Amino acid sequence: MKHPTPRAARKQRRRQRQAPGIGPAPAALLPGQQCASLVTSAEQTLDRGDSNRARELYLMALALRPREPTLLNALGLLETATGAHAAAIDHFRAALAALPPGTPPTTRAQLINNLGWACWQQGDTAAAADTFVAALYQDPTLAGAHNNLGLVRNAQGRAAEALAAFDRAVALDPRQVQAHENRASLLHRLGHLEAALEACQTALCLDPGAVDTLVNLGVILQGLDRVEAAETAFRQALRRNPGHPGAHLNLGYTLLLQGRFREGWREHEWRWRDPQARPFLRTFSQPVWDGSPLNGATLLVHAEQGFGDTLQFVRLLPLAAARGAGRLVLECQPSLQALLAGLADQVVARGAPLPPCDRQIPLLGLPLVLGIDDATIPSPAGYLPRPPPDRSRPSPAIGLVWQGGAESPTRQARSIPFALLEPLLRALPQATWVSLQTGPAATDPEAHPWAAALERPPLPDFAATARVMAGLDLIVTIDTAAAHLAGALGCPVWTLLPRPADWRWLRQGETSPWYDRMGLFRQMVSGQWPDVVTRVVSALTAKFS
């Protein structure tokens with residue numbers, strides 16, 4: 001979502017008095033020659049990038065006219081742009097209090113809108129919402145306030161109200177770029193990709209050089225499975241801003257999706273410069289390993305993303321150790337520690353004290369430094385020790401997983417309602433169906449007529465899940481950690497994929513270069529699972545009849 005303040009600092013300062021979200025000062029020129037001269041000097045100073053001197057000049061003018069709303073508003077805008085939001089709030093409130101009787105509602109609404117933006121930037125969502133509503137009470141036609149209210153409603157999880165606010169903003173002011181961008185982002189998140197594409201293209205027509213909008217366009221196109229067009233959008237963004245982290249990272253995903261691994265891994269390293277990754281960025285005193293010979297040094301490899309990522313890429317640990325590591329230490333999620341014990345000289349649960357090491361690298365940094373491409377993916381037949389199989393269940397014994405992790409932003413697109421899997425159970429009533437589902441969704445079958453047909457063993461961690469998988473004839477799962485676990489164990493697994501699929505499954509094909517015993521069942525139409533289930537039923541019948 002885009003707020004109405006431009007990103008570039010000078011551009012931001014220049015637009016402060018005209019951007020729809022933090023609109024113009026209530027008056028164009030102050031009476032009094034000396035005061036007007038100070039204001040002109042302050043504005044020119046702002047355009048040169050010296051906000052401190054501009055503040056001094058505004059304060060000098062304010063000393064001459066202590067209750068001048070225009071000056072107070074200008075100071076509020078300056079403090080908003082420099083991040084001093086508490087001071088900005090004080091200035092806007094003082095400006096409102098100083099407005100004379102008979103001030104036009106539009107002027108009052110704009111000042112209230114500016115106050116709301118400062119509250120929003122300070123993190124006071126409730127106050128910002130109330131303030132934007134108050135601005136619109138004064139002037140229901142203030143498009144910038146509708147846009148800002150949409151931002152707040154979206155943050156509050158009130159998507160329908162947010163979309164209505166953005167719709168109203170663009171209806172009132174069709175040239176308001178930020179409202180079109182925000183509308184596109186929300187429509188994308190809601191899954192209305194064609195409408196999102198149209199909104200994004202409108203924003204680009206209004207501001208063709210907007211790099212963030214080009215990146216958003218690429219992301220939307222990728223969601224529509226228009227991968228080549230998405231790549232073009234990301235590259236256009238990088239021509240305008242070669243250091244844009246989001247453009248590089250999303251280009252990386254696009255290249256990986258096309259199987260262009262070496263290019264993709266390079267772009268994927270930009271993930272650490274993406275603001276959204278900052279909460280996960282870790283600092284170490286040891287240097288990052290660049291793939292050069294280790295000459296007996298101790299290497300720490302630390303998991304960085306989800307369970308599936310860890311399970312997929314621990315296959316690279318032996319290649320890293322072969323570069324001359326004296327000791328290899330793996331840090332992973334606690335629930336994976338027991339399963340992965342033995343893959344390194346020491347496996348440490350995240351959060352536990354780390355042993356001394358000489359070099360370190362995030363787990364998903366290994367493909368780049370090791371030069372992994374589609375021809376050099378190691379161990380597709382399986383690389384985790386497979387527990388002794390429990391053959392006590394009548395054959396065929398088939399495991400099921402239908403929901404992804406609750407913390408994943410793509411969970412909804414990847415998951416299948418349990419009720420849609422009923423045709424599988426009906427097709428093979430003689431099979432032993434075993435739930436490998438964990439988390440809250442594990443109880444989904446309880447209200448279903450076929451609940452009694454589903455065995456639900458306790459699965460406290462991944463090691464327990466691996467022991468159950470080892471005794472099954474097949475695992476049928478969505479794209480979640482269970483798919484990677486089955487593939488890493490060398491178990492037969494069928495993975496049901498949304499459209500578009502995650503980069504690791506590539507754009508097409510019924511098999512995976514990562515796992516020899518995995519079959520892929522892809523959606524033909526985005527969001528539509530019944531056709532996938534029908535094809536799985538046919539394959540099950542053919543395999544076990």
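**View 1. Buried and exposed residues of helix H3 in a predicted model.** Here Ser51, Ala54, Arg55, Leu57, Tyr58, Ala61 and Leu62 of H3 are buried (under 20% relative accessible area, with exposed meaning over 50%, for a 1.4 Å probe and protein chains only). Their arc around the axis is only 165 degrees, which puts them on the same side of H3 (the arc is taken from the directions from the helix axis to the C-beta atoms). On the other side of H3, Asn52 and Ala63 are exposed. The buried residues of H3 pack against helix H2 (33-47) and helix H4 (69-82); helices are DSSP runs of H or I of at least four residues, strands are E runs of at least two, and both are numbered from the N terminus.

**View 2. Leu217 in the largest nonpolar core.** This core holds 66 residues, and Tyr58, Leu71, Phe92 and Leu217 touch the most other members (a nonpolar core joins buried Ala, Val, Leu, Ile, Met, Phe, Trp, Tyr and Cys through side-chain atoms within 4.5 Å). Helix H6 (residues 105-122) gives the largest share, 7 residues. Leaving aside residues up to four places away in sequence, Leu217 touches Leu197, Cys200, Gln201, Leu204 and Ala233 (contact means heavy atoms within 4.5 Å).

**View 3. An open sheet of 6 strands.** Follow the order E7-E6-E5-E8-E9-E10, with parallel pairing (two strands pair if DSSP finds at least two bridges between them). Strand E5 (residues 397-401) and strand E6 (residues 432-435) are joined by 4 bridges, and Leu400 stands opposite Ser435 in E6. Strand E7 (454-455) and strand E10 (518-522) each have a single partner strand, so one side of each lacks a neighbour in the sheet.

**Notes.** Residues are numbered from 1 along each chain as its sequence is written, and side-chain values use heavy atoms, without hydrogens and water. In this predicted model, local features need pLDDT of at least 70 and side-chain atom pairs count only at pLDDT 80 or more, while totals for chains, interfaces and linings use all residues.
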